[in-house]
Amino acid sequence: MSWKYLCDVSDVPSNSLKLVDADGIRIVVANYGEGFRAMPPICPHMEEPLDESGVIASCVLTCTKHLWAWDLRNLDLIGETEKELKTYEVRQNGSRLLAFVEEELTYDFDEEAEDDYDFFAKA
Ligand code: FES
């Protein structure tokens with residue numbers, strides 16, 4: 001794959017997220033004030049759409065569903081967050097934002113499904 005156009009810089013104001021389609025791959029672009037990140041469109045916890053449930057403040061992305069959070073400067077996990085955020089490499093080319101997409105990034109949710117099953121089995 002290759003560098004793909006995401007959107008213009010002006011399309012993603014500071015502290016916001018935008019869902020884009022990069023040649024058929026859905027990607028969420030985050031502007032955290034000090035830079036940009038590009039990531040799969042869902043929360044790695046339980047598949048919430050990050051462009052709807054995510055908020056950015058002080059360079060931290062928080063999924064408001066269960067408050068998993070990541071520092072977008074260094075991708076550190078914050079608080080109870082258990083999974084890393086996957087990201088595409090981002091480059092700004094003038095007014096355009098590009099991401100290097102080798103393959104579509106996805107998360108494995110099998111572990112959570114088993115946990116849910118155990119929970120209900122014991123109840
Ligand atoms: S779905 Fe995002 S924190 Fe739970």
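A residue counts as buried here when its relative accessible area is under 20%. Keep that cut-off handy, because Cys 59, at 7%, falls on the buried side of it. What you have open is a predicted model, so let's walk through it that way.

**The whole chain**

Start zoomed out and colour by secondary structure. You should count two helices and ten strands. Trace the chain from the N terminus and the elements come in the order β-β-β-β-α-β-β-β-β-β-β-α. Now switch to colouring by burial: of the 123 residues in the protein, 41% are buried. If you like contact maps, take the contacts between residues at least 6 apart in sequence; 43% of those link residues at least 24 apart.

**The cysteines**

Select Cys 59 and Cys 63. Are they buried or exposed? Cys 59 is buried, with 7% relative accessible area, and Cys 63 is buried too, at 2%. Don't go hunting for an S–S bond, though: searching the whole structure turns up zero disulfides.

**The three-stranded sheet**

Next, pick out β1, β9 and β10. These three strands make an open sheet, ordered β1-β10-β9, with antiparallel pairing. Look at the edges: β1 (2–8) and β9 (89–93) each have a single partner strand, so each has one side with no neighbour in the sheet. On average, neighbouring strands in this sheet are turned by 30° against each other, direction ignored.

Zoom in on the pairing of β1 with β10 (residues 96–101). The two run antiparallel and are joined by six bridges. To find one of the residue pairs, click Lys 4; its bridge partner in β10 is Ala 99.

While you are here, show the side chains of Trp 3 and Arg 91. Arg 91 sits over the face of the Trp 3 ring, 4.1 Å from the ring centre.

**Aromatic pairs**

How many aromatic pairs does the structure hold? There are three. For one of them, select Trp 68 and Trp 70: the ring centres are 6.5 Å apart and the planes meet at 70°, so this pair is edge-to-face. Both Trp 68 and Trp 70 are buried.

**The β3–β4 hairpin**

Move on to β3 (residues 25–31) and β4, an antiparallel pair held by four bridges. Ala 30 is a good place to click, as its bridge partner in β4 is Arg 37. Four residues lie between the strands of this hairpin, and Gly 33 has a positive phi near 90°.

Now show the side chains along β4 (residues 36–39). In a regular strand, side chains alternate between the two faces of the sheet. In β4, Phe 36 and Ala 38 point one way, Arg 37 and Met 39 point the other way, and all of them are buried.

**Helix α1**

Last stop: select residues 50–53, which make up helix α1 and include Ser 53. Asp 51 is in helix α1 as well. Which of these two is buried? Ser 53 is, at 5% relative accessibility, while Asp 51 is partly exposed at 26%.

Show what surrounds each, leaving out residues up to four places away in sequence. Ser 53 touches Glu 48, Thr 62, Cys 63 and Thr 64, which takes you back to one of the buried cysteines. Asp 51 touches Leu 17, Leu 19, Val 28 and Pro 41. Finally, draw a C-alpha to C-alpha distance from Asp 51 to Ala 30: they are 21 residues apart in sequence and 8.8 Å apart in space.

Technical notes
Residues numbered from 1 in each chain as written. Predicted model: local features only at pLDDT ≥ 70, side-chain atom pairs only at ≥ 80, totals over all residues. Heavy atoms only, no water. Disulfide = S-S within 2.5 Å. Buried < 20%, exposed > 50% of the residue type's maximum accessible area, 1.4 Å probe, protein only. Pairing = 2+ DSSP bridges. Axes fitted to C-alpha atoms, helices over the stretch in contact; angles between N-to-C directions. Phe/Tyr/Trp six-rings, centres within 6.5 Å; stacked < 30°, edge-to-face > 60°. Lys NZ or Arg CZ within 6 Å of the ring centre and 35° of its normal. Contact = heavy atoms within 4.5 Å.
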